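Reader: Could you take me closely through one part of this model, the place where the two chains meet, and say what each side brings to it?

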Protein chains: 2
Amino acid sequence: MNRPNPARPDIQLMSGYTPGEQPDASRPIIKLNTNENPFPPPKAVLEAIVAAATESLRLYPEPSSRPIREAAARAYNLKPEQIIAGNGSDDILTMILRTFVSSGQIVTAPCPTYSLYETLTKIQGGIFQQTPWPDDLSLPIAALLKTKAQVIFIVRPNAPTGHMVALADISELCRKTSGVVVLDEAYVDFADDNGLALLKEHDNLIITRTMSKSLALAGLRVGLGFTTPALANEMHKVRDSYNINRLAQAGAVAALNNLAAFRPGIAAIRSQRLRLSQELGKKGFTVQESQANFVLATVPNNGLTGEEWLNALREKGFLIRFFGSDPSLQDKIRITIGTKDEMDGFLNAVDELL
Amino acid sequence: MNRPNPARPDIQLMSGYTPGEQPDASRPIIKLNTNENPFPPPKAVLEAIVAAATESLRLYPEPSSRPIREAAARAYNLKPEQIIAGNGSDDILTMILRTFVSSGQIVTAPCPTYSLYETLTKIQGGIFQQTPWPDDLSLPIAALLKTKAQVIFIVRPNAPTGHMVALADISELCRKTSGVVVLDEAYVDFADDNGLALLKEHDNLIITRTMSKSLALAGLRVGLGFTTPALANEMHKVRDSYNINRLAQAGAVAALNNLAAFRPGIAAIRSQRLRLSQELGKKGFTVQESQANFVLATVPNNGLTGEEWLNALREKGFLIRFFGSDPSLQDKIRITIGTKDEMDGFLNAVDELL
C-alpha cells in the first residue's frame, strides 16, 4: 500500500481533455456549447438501429466496419480501402497519433485549434508545437514546415474560429512536408466546399469526418478517415479490433445512405449562422465569418468578460462555450447554431445582458 | 508522391491483431471460435436500447459513462470512482498500456495468453516479455517479478487454456511488484470464484471485465475496469472523451440491472463445458480443465493436425479457433461452448473426422 503512483510521469502531469459540459437532461437548458445538430437524425437511421437491436448483439460486430466503409465509399466516391471508421472522429485522431508519431516527435497545427490535438500528442509522448495563425488567418505554410512536424493538423472550417483556409495552400503544404497532413473536416458539410479532391493528388493526406455534427449523430460515435490504402492499412493495425458496435454500424450505414435527408437541416443552420452573425454584429460583438455550425464572437469591450457571458447566459438557460485555458480566447465566446426559435431566444437573452 | 511510408517503423513491422473470423451471417455455420455467448441477451437489454434510439442521438453521450459506472458499482459493491468503462474491454486494456507504460518499458504475462497484450505493448512502444507457464500451470511469480515489468497481465480463467491460478498467488504478486497487476476476468462469470475481494488489499491492481462473454453483448462493445480511484483517475485522462455511445450505455445499464437473467445461460454453458470435456477425452483428445466458456483440446496424435481439424470442422459447418502463430499451440484447438444442440452436432462432426 501507499506505493508511488505507477502512471507515466507525463500522464500524471496532464489534466486530460475537458469535453464540453453535458447538462442533465432534466434541466431545461438550450445546448449551444458542443456543436451538436439541433435537428433530429432522419427516421431511417433510428429504424436501422432498432432493427439491429436483436439477439445478434451476442455476436461481435464486423471488425473493420466494412458496411460503413462500403456505404461511405459510395457516398463520397472513394474506395473502401481508402476509408477507416472510428468510434467518433476522436478515435480516428487517436489512431493517427499512434500510427505516425513516435515518442519525442513533433506535431503541430495553426493555433488556436481543436485542443484535443495537443492532448493526444502528449498522451503519445510527442511534442505539440503551436504555430500561431497570422492576423489574416491564412495558412502559415512556412511556419508549419519550420517545425519539421511529423503530423500537421488543419481544421477546415477551423475550430473555434469557423474560417476556411485556401485548398491550394493545403496542397502546397502536402507537397512540401515530409510528414502527414491531417485535414479535419468535422464541420465541412456546413461549408461551401471541401477537400476530397486533394486525395487524388497527395499520398500523405488524411481527411477526417464525423457524424456528430451535420449528420446529427453525436450520440452514436462514428467518425471516418479518408486517405490512401497504404496509410489506412497502417492505421488499421492500431485500431481497436472491434471499435464500432453493431448498433452504430447500422445507424451509420443508414445515415450514409440517406445523406439527402440532412440537407434541409444543414441549409437552415447556414441561414441561422448568417443571421446570428449579423445580429451579434449589430449588438457590438465582433463575429468571425464562419463556415461551420458555430460562430466565434469577440464580446463587446465595455461589458461582461467572456467568462461572465458564459455564466450569465447559463443563468438565462443557454449553454455556450468559453475556452478558459487559452489566453488568446479570453474575450471570445463560441455559440453553436441552433434552430430559429433557439436563436431568437438566445438573441433576446443577449439583449437582456447588454 | 512516392514518399517513404510515414508510419512509425515499429508499426510498419507489425501485422496487427487478428480477430477471430466473423463469417458472413448468410453462411450456415456454428460459431465456436470467438467465445461468444450462444444465448441471447435478455429482453430488458434490447428494450433499453430501443428506448434510447431516439432523436437524443443528436447529443453527445455522458462522457465518463456515469450511468454504467453507477450501475456497476451497485452490481459489484464498488464505488463509481473505482470504475472505468470502455468500448469493449480491449479499450480498457489500451488505456492501461497508454497510462502506465512509457516507450521502452517492459510488460509481461504468463504465456500463452491473450495475444492482444503483446500487440498493444508494441503499439505503445513497450517491450513484451513472455514469461512461460510452468508445467503445472501455476502462477510463475518469481519469473514474472524477474522481468521488472511495469505491467503484468494475468487472465483468470486463462485464455486460451481456461485454467485458474490461485488468488493467493495474485495477492503475493501484487505485494511484491512495483508495477501494476492486471487481472483480466473476461471469463470469470463462468468460474467458481473471482478476484473482486483483492481490490480491498492492493492499490496496484486493476480487474477488467467484459460484457462480450457471460453477458451476451459482444456486439455492444462494453468493458469495465475496477481499481483504486487514483489509478482510475489516471486512466480517465487517456480515455477517449466520449468512448461509449448512448445505445451501448443504455444496454449496459440494463444488463447490469438484470444480472440474474443471465444465470440460467451461464449454468447451461458450465454444464456443456463439462460434457464436452468428458466426451472429447473419450475420443482421444487431451482437454485442459476449463473454468471459462471454452476448452483447449490437444488433438489426438495419430490423426489430423490442429490446423487440419480447423479446416475439416469448417467444412462440416463448425468454426473453431486455431492459433497458427503460437508454436506451443500447434497441436491444440480451442472450442467455444455452445448450446446442447450445438455441442451434439459438434461431437458428431468430430466422430466423423476421427
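Author: In this predicted model, 42 residue pairs, both members at pLDDT 80 or more, are in polar contact between chain B and chain A. Seen from chain B, the elements that give two or more residues to the side touching chain A are helix 1 (9-13), helix 2 (43-52), helix 4 (89-100), helix 5 (116-123), helix 7 (167-176), helix 8 (229-238) and helix 9 (246-256) of chain B. Of these, helix 4 of chain B gives the most to that side, with six residues. When the residues on the side of chain B that touches chain A are sorted by class, 36 are nonpolar, 27 are polar and 19 are charged.

As for the extent of the interface, the contact draws 82 residues from chain B and 80 residues from chain A. The size of an interface is often given as the accessible area lost when the parts come together. By that reckoning, chain B and chain A bury about 6600 Å² between them, and 54% of this area lies on carbon and sulfur atoms.

Charged pairing can be followed down to single side chains, for the count of salt bridges between chain B and chain A is two. One of them joins the side chains of R3(B) and D203(A), with a nitrogen-to-oxygen distance of 3.1 Å. Taken together, then, the interface between chain B and chain A combines 42 residue pairs in polar contact with two salt bridges, while the side contributed by chain B includes 36 nonpolar residues.

Note on methods
Residues numbered from 1 in each chain as written. Chains lettered and ligands numbered in written order. Predicted model: local features only at pLDDT ≥ 70, side-chain atom pairs only at ≥ 80, totals over all residues. Heavy atoms only, no water. Contact = heavy atoms within 4.5 Å. Buried area = accessible area lost by both parts, 1.4 Å probe. Salt bridge = Lys/Arg side-chain N within 4 Å of Asp/Glu carboxyl O. Polar contact = N/O pair within 3.5 Å; in protein donor to acceptor, adjacent residues only side chain to side chain. Helix = DSSP H or I, 4+ residues; strand = E, 2+ residues; numbered from the N terminus. Nonpolar A, V, L, I, M, F, W, Y, C, P; charged D, E, K, R; others polar.
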